[in-house]
Amino acid sequence: MRPRTAPDYLAGYPPDLAAQVRKLIDDDRLGDLLLKKYPQTHAVRSDRALYDYVQELKDEFLRNAGQLSKVAYDSKLHVIQHALGTHTRVSRVQGGKLKAKCEIRVAAVFRDMPPEFLRMIVVHELAHIREREHDKAFYQLCRHMEPDYHQLEFDLRAYLCHLDATGRPLWRAAADRPTP
């Protein structure tokens with residue numbers, strides 16, 4: 001069995017931009033920059049709260065899309081599939097009707113991240129309800145739901161590089177933080 005290599009989260013970006021991020025990591029400055037820009041974590045802790053959060057965004061932007069049957073944090077997602085979220089759609093025949101089941105799973109690493117990063121990944125997975133491929137229409141829909149989508153995606157990818165390089169998460173759940 002071959003050892004798995006860590007994904008290159010900045011592979012699609014210009015090499016000079018990726019080099020800047022790596023230099024910030026080497027100088028141990030990226031964490032401070034991200035903490036300054038995104039100082040706190042969100043309050044969406046449970047699968048039920050995540051379902052409600054996703055449903056609220058879906059109702060706002062994708063009213064005509066089908067019902068979500070499940071939304072959950074998935075602790076195995078990041079490690080196994082090198083994915084941060086998944087969207088699955090299953091159709092099956094029940095009697096004379098076709099039943100569709102739609103699920104969204106978000107990597108558990110998002111439990112302890114800023115609200116902006118959670119919103120970005122949820123917007124990404126919701127956009128897959130309407131657009132299956134990562135094409136122009138897909139990213140237009142993402143930007144419609146979250147105007148800063150591309151900046152948030154880049155900042156998240158930079159953070160994931162930091163996490164891979166240092167092993168130090170930047171954010172902790174509010175309950176785990178010491179009180180001042």
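Is Gly-66 buried, partly exposed or exposed? Keep that question in mind; the view of the loop between H3 and S1 takes it up. The model shown here is predicted, and residues are numbered from 1 along each chain.

**View 1. The whole chain contains seven helices and three strands.** Following the sequence from start to end, you meet these elements in the order α-α-α-β-α-β-β-α-α-α. The chain has 180 residues, and buried residues make up 40% of them. Its accessible surface comes to about 11,000 Å², with 51% of that belonging to carbon and sulfur atoms. Contacts that reach along the sequence are worth a look too: among those joining residues at least 6 apart, 65% link residues at least 24 apart.

**View 2. The largest nonpolar core gathers 49 residues.** Good places to start are Leu-50, Phe-110, Phe-117, Leu-118 and Leu-126, the residues with the most contacts inside this core. Several elements each supply at least two core residues: helices H1 (15–26), H2 (30–37), H3 (47–61) and H5 (115–130), strands S1 (70–74) and S3 (97–107), and also H6 and H7. The largest share, nine residues, comes from H5.

**View 3. Leu-126 and Met-145 touch each other.** Residues up to four places away in sequence are set aside in both contact lists here. Around Leu-126 you will find Val-54, Leu-57, Lys-58, Leu-62 and Ile-104, along with Met-145. Met-145 is part of helix H6. Its relative accessibility is 1%, so Met-145 counts as buried. Besides Leu-126, the contacts of Met-145 are Phe-61, Arg-119, Val-123 and Ala-127. Now compare positions along the chain and in space: Met-145 and Leu-57 are 88 residues apart along the chain, while their C-alpha atoms are separated by 8.2 Å.

**View 4. Helix H6 packs against helix H7 at an angle of about 95 degrees.** H6 covers residues 136–145 and H7 covers residues 149–166, and their axes lie 8 Å apart. The two helices are therefore roughly perpendicular to each other. On the H6 side, the contact is made by Tyr-139, Cys-142 and Arg-143; on the H7 side, by Tyr-149, His-150 and Glu-153. Sorted by character, the residues of this contact are three nonpolar, one polar and two charged.

**View 5. Gly-66 sits in the loop between H3 and S1.** Here is the reply to the opening question: Gly-66 is partly exposed, because its relative accessible area is 46% and this class runs between 20% and 50%. Look across to Lys-101, which is 35 residues from Gly-66 along the chain. The C-alpha atoms of Gly-66 and Lys-101 are separated by 8.6 Å.

**View 6. Gln-67 also lies in the loop between H3 and S1.** With a relative accessibility of 53%, Gln-67 counts as exposed. Which residues does Gln-67 touch, not counting residues up to four places away in sequence? They are Tyr-51, Gln-55, Lys-58 and Cys-102. Glu-103 makes a useful landmark in this view: Gln-67 and Glu-103 are 36 residues apart in sequence and 9.3 Å apart in space, C-alpha to C-alpha.

How values were computed: Predicted model: local features only at pLDDT ≥ 70, side-chain atom pairs only at ≥ 80, totals over all residues. Heavy atoms only, no water. Axes fitted to C-alpha atoms, helices over the stretch in contact; angles between N-to-C directions. Helix = DSSP H or I, 4+ residues; strand = E, 2+ residues; numbered from the N terminus. Parallel < 35°, antiparallel > 145°, perpendicular 65-115°, else oblique. Contact = heavy atoms within 4.5 Å. Nonpolar A, V, L, I, M, F, W, Y, C, P; charged D, E, K, R; others polar. Core = buried A, V, L, I, M, F, W, Y, C linked by side-chain atoms within 4.5 Å. Buried < 20%, exposed > 50% of the residue type's maximum accessible area, 1.4 Å probe, protein only. Areas by Shrake-Rupley, 256 points an atom, 1.4 Å probe, with all protein chains shown as cover.
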